[in-house]
Amino acid sequence: MLRRLELLGFKSFADKTLFEFGAGITAIVGPNGSGKSNVVDSIKWVLGEQSAKSLRGKEMADVIFNGSGTRRSQGFAEASLTFDNRNRHLAFDADDVTITRRVYRPGESEYLINKTPARLRDFRDLFLGTGAGTEAYSVIEQGKVDVLLQASARDRRALFEEAAGISRFKARKLESLRKLEHVEQNLLRLGDIAEEVEKQLRSVKLQAGKARRYQEHADRLRELRVSTGLAELGALSDQLEAAERRAEALAQNAAIEAARSDSIAARLIQVESLIEELDQQIRALEGRLTDVRQEIGRLESEIAYERAHARDVAAQIERLRGQWSEFSSRVRELERHIAAIAAETAA
């Protein structure tokens with residue numbers, strides 16, 4: 001027996017709404033547009049209805065509350081039906097069975113039975129033979145009575161079988177027949193495979209004989225390889241001993257060379273120190289050389305100046321010598337003149 005219906009975000013039921021169904025007849029009355037048909041749609045939807053057109057919409061997301069002038073739209077819609085299962089009419093081991101269906105605006109759906117994830121097929125299997133399925137007589141909409149009266153004998157028979165509770169067994173029979181058909185197809189395929197395997201059996205036997213002979217030769221080859229390996233192992237052992245002796249000699253030589261290397265390194269440090277001192281001396285000598293070169297330049301400038309001055313002095317001396325010769329000539333002339341005057345005076 002249906003105990004309650006709980007809606008959240010389904011069509012016009014934006015807030016969480018709870019409908020309690022007690023014993024007897026429960027009627028929902030109201031004016032046009034109050035949401036009576038939405039209650040029926042919610043029951044059909046939670047029972048597994050997959051046709052958006054049957055729910056008076058274009059797509060399944062149309063069942064989600066789309067907002068109004070004062071409220072924003074919802075991101076999902078949820079509906080839950082709770083049944084009293086104390087008489088175990090439903091094939092579920094619980095006194096109360098709550099089925100929940102939830103759809104999100106991107107299109108994802110969830111199915112829950114007593115808050116446990118389930119499948120749509122689990123919903124349909126749960127209500128088979130109970131009269132509470134989407135195609136059963138438990139939900140009779142407006143105009144559906146005329147459809148039932150005008151239905152074909154086959155459709156009415158399906159309705160009567162659901163009412164009699166045998167649709168569950170018929171569905172199981174159809175599923176079993178499908179499984180049997182699938183098994184028969186598998187048997188046919190297995191027969192074809194067996195025939196093909198029989199065809200391949202002879203070649204496989206030949207291959208098995210070749211494999212046995214190959215295994216025998218492989219075992220013999222393994223024995224030969226082992227014996228050859230042992231011989232090679234002895235030779236390699238002798239070579240290893242000789243190599244170890246050489247390694248010991250090389251290790252001793254390496255120790256001697258290491259000592260020599262340490263001595264050379266010490267001497268190298270001394271030489272580096274000496275080179276550093278010589279570098280310092282060279283830098284000092286280079287500084288002194290620079291000073292000497294500057295002094296040489298200065299002295300060369302002075303020498304050039306003195307040479308030029310000496311040339312000027314030599315020219316002046318030559319000029320004075322010329323004047324001296326001239327003065328000497330005049331002195332001699334004056335002496336002759338004085339001697340003449342003196343002689344003349346004596347006379």
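Let's start with helix α1, which runs over residues 36-46 and is mostly covered: eight of its 11 residues are buried. Keep in mind as you look around that this is a predicted model. The buried residues of α1 are N38, V39, D41, S42, I43, K44, W45 and V46. What sits on top of them? The cover includes the strands β1 (2-8), β2 (17-20), β3 (76-84) and β4 (96-104), along with helix α2 (120-127). Just past the end of α1 you'll come to G48, which takes a positive phi of about 120°.

Now zoom out to the whole protein. There are five helices and six strands, and if you read along the sequence they come in the order β-β-α-β-β-β-β-α-α-α-α. So how much of the protein is buried? Of its 347 residues, 20% count as buried. The protein exposes about 26,400 Å², and carbon and sulfur atoms supply 56% of that area. You can also ask who touches whom: among contacts with a separation of 6 or more, 51% are between residues 24 or more positions apart.

Next, let's look at charges. Side chains of opposite charge can pair when their charged atoms come close. This structure holds 16 salt bridges, and a few of them are worth a visit.

Take R3 and D96, whose side chains meet in a salt bridge at 2.5 Å, N to O. R3 belongs to strand β1 and D96 to strand β4, so this pair ties together parts that are 93 residues apart in sequence. Are these two partners buried or exposed? Neither word quite fits: R3 counts as partly exposed because its relative accessibility is 29%, and D96 is partly exposed too, with a relative accessible area of 35%.

Strand β1 also takes part in another bridge. Here the side chains of K16 and E6 meet at 2.9 Å, N to O. K16 lies in the loop between β1 and β2 while E6 lies in strand β1, so the parts tied together are 10 residues apart in sequence. K16 counts as exposed because its relative accessible area is 60%, whereas E6, at 23% relative accessibility, counts as partly exposed.

Salt bridges can also link up into a network, as K11, D41 and R56 do here. You've met D41 already: it is one of the buried residues of α1.

Finally, head along to helix α5, which spans residues 167-346. Inside it, E318 forms a salt bridge with R321, and their closest N and O atoms are 3.5 Å apart. Both residues lie in α5, three residues apart, which is about one turn of the helix. Why does that spacing matter? An α-helix has 3.6 residues a turn, so residues three or four places apart point the same way. R321 itself is exposed, with a relative accessible area of 52%.

Helix α5 is also the place of E198. Which residues join E198 in a negative surface patch? The patch is formed by D192, E195, E196 and E198. E198 counts as exposed because its relative accessibility is 59%, and the cut-off for that label is over 50%.

Conventions:
Residues numbered from 1 in each chain as written. Predicted model: local features only at pLDDT ≥ 70, side-chain atom pairs only at ≥ 80, totals over all residues. Heavy atoms only, no water. Patch = residues over 30% accessible without salt bridge, like charges linked within 9 Å, V, L, I, M, F, W, Y side chains within 5 Å. Areas by Shrake-Rupley, 256 points an atom, 1.4 Å probe, with all protein chains shown as cover. Salt bridge = Lys/Arg side-chain N within 4 Å of Asp/Glu carboxyl O. Lys, Arg positive; Asp, Glu negative; His and termini not counted. Charge placed at Lys NZ, Arg CZ, Asp CG, Glu CD. Helix = DSSP H or I, 4+ residues; strand = E, 2+ residues; numbered from the N terminus. Buried < 20%, exposed > 50% of the residue type's maximum accessible area, 1.4 Å probe, protein only. Contact = heavy atoms within 4.5 Å.
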